[in-house]
Structures are given as C-alpha cells and as structure tokens.
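Trainee: I am new to this structure and would be grateful for a close look at one part of it. Might we take the pairing of two strands as that part, and then place it within the chain as a whole?

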Amino acid sequence: MKWAPKLKIESNSTKVKSCFNAHMNKIRKTYGKNTLVNLIDKKGSQNLIGKVFTDLFLSEHDDGTQHYVWFDFHHECRKMQYHNLSKLLMSISENMDDYSSTQMVVKKDSDENQTIEAQSLQNGVVRTNCMDCLDRTNVA
C-alpha cells in the first residue's frame, strides 16, 4: 500500500453531484447551519479534489445557512507556524458566534428529583474536510 494512493475521481458527474447533495442535505438537516472548512492542499492531486468540492458546494449549497472556507493547512502552517490558524479562526469567527453554544442548568427539586433546563442551544457546527486527516483536523 502506498503512503499516498493514486487519486481516482468518479467519472459520473451526476452520481458525484447526487452523493454530495445527499450528504450536504443530511448535514443541514442534522445540524442546522454549518461551516465547511476544507483543510486540504491547494497543489497536486489534493488541489483537484478541493476544486471539485468547491465547485459542488458553490453550485447548490452556498445559501446563507452553509459557509465554505478553503484553508490550505500545510501551506499556512508549514514549519510549525500554527499561529497562522488565527487566519482560519478569523474567517469563521462570525459564523461560530452565530452558532452559539448549548448551556444546560441542572436544578435539584429534592435529593431524588432533578430537572435539566436548556438556557441556550447550539444551532450550527463547523465541519472539516481533509485527506490524511487527523493531523490537520485535530490541530484545527
């Protein structure tokens, strides 16, 4: 097995678009608003995948409830320059603020009875997209 297997993109564009749309619609239905952060390289075979992903998103899903950012992690953070993640955070901070957070309060009525009351609910997520994954995703 190669470290970086040769890229193969499905040639049936109708099938690709259908699968992508089903995935995006499920994300929207499950999580509400979301920001998609593409962490893959803007060179080589990853660039090709990134362009296809970008085109698919912009063609039907750039509707105000879903946002898209392509952040070339390896380029921006090369040589341990992780402070450059601030560029990514700045580009999605307004969306993250809008998504809020879930805050629950536990109230004890008695020693045996308690109720949980929602003070606020999160209404969006940040979804990352990566190739060899966990290094970039975990850092971001």
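Mentor: Let us begin with a term: two strands are said to pair if DSSP finds at least two bridges between them. Please bear in mind throughout that this is a predicted model.

With that term in hand, consider strand β3, residues 103-108, and strand β4, residues 114-120. These two strands pair in the antiparallel sense, and 6 bridges link them. The connection from β3 to β4 is a hairpin of 5 residues. One bridge can be followed residue by residue: K107 has T115 of β4 as its partner. As a general point, side chains in a regular strand alternate between the two faces of the sheet.

The pair may now be set in the order of the chain. There are 5 helices and 5 strands in the secondary structure, and from the N terminus on they follow the order α-β-α-β-α-α-β-β-β-α. The radius of gyration is 19 Å, well over the 14 Å that the globule rule gives for 140 residues, so the chain is more spread out than a compact globule. Along the principal axes, the C-alpha atoms fill a box of roughly 65 × 40 × 35 Å. Of the 140 residues, 29% count as buried. Among contacts with a separation of 6 or more, 61% are between residues 24 or more positions apart.

A residue of β4 also helps to relate the hairpin to helix α1. F20 lies in helix α1, and the C-alpha atoms of F20 and E117 are 37 Å apart in space, with their positions 97 residues apart in sequence. F20 counts as buried because its relative accessible area is 9%, under the 20% limit for that class. Leaving aside residues up to four places away in sequence, F20 touches F53, L56, F57 and H61.

A second buried residue is found in helix α4, residues 85-99: this is N95. Its relative accessible area is 15%, so N95 is buried. With residues up to four places away in sequence again set aside, N95 touches T35 and H67.

Exposed residues complete the picture. K6 is found in the segment before α1, which spans residues 13-31. K6 counts as exposed because its relative accessibility is 76%, and exposure requires over 50%. From K6 to A22 there are 16 residues along the chain, and their C-alpha atoms are separated by 26 Å.

The loop between α3, residues 73-76, and α4 holds K79. M80 lies in the loop between α3 and α4 as well. K79 counts as exposed at 76% relative accessibility, and M80 counts as exposed at 62%. Their backbone angles also deserve attention. Most residues other than glycine have a negative phi. The phi of K79, however, is positive, near 55°, and the phi of M80 is positive too, near 65°.

Finally, the surface and charges of the chain may be described. The chain exposes about 9,800 Å², of which carbon and sulfur atoms supply 53%. There are 19 positive and 17 negative charges, and the mean positions of the two sets are 11 Å apart.

Conventions. Residues are numbered from 1 along each chain as its sequence is written. This is a predicted model: local features need pLDDT of at least 70, side-chain atom pairs count only at pLDDT 80 or more; totals for chains, interfaces and linings use all residues. Side-chain values use heavy atoms; hydrogens and water are left out. Helices (H or I, at least four residues) and strands (E, at least two) are DSSP runs, numbered from the N terminus. The radius of gyration is taken over C-alpha atoms; the globule rule is 2.2 Å times the number of residues to the power 0.38. Buried means under 20% relative accessible area, exposed over 50%, partly exposed in between (1.4 Å probe, protein chains only). Contact means heavy atoms within 4.5 Å. Accessible areas come from the Shrake-Rupley method with a 1.4 Å probe; for residues, only the protein chains shown count as cover. Lys and Arg count as positive and Asp and Glu as negative; His and the chain ends are not counted. The place of a charge is taken as NZ of Lys, CZ of Arg, CG of Asp or CD of Glu.
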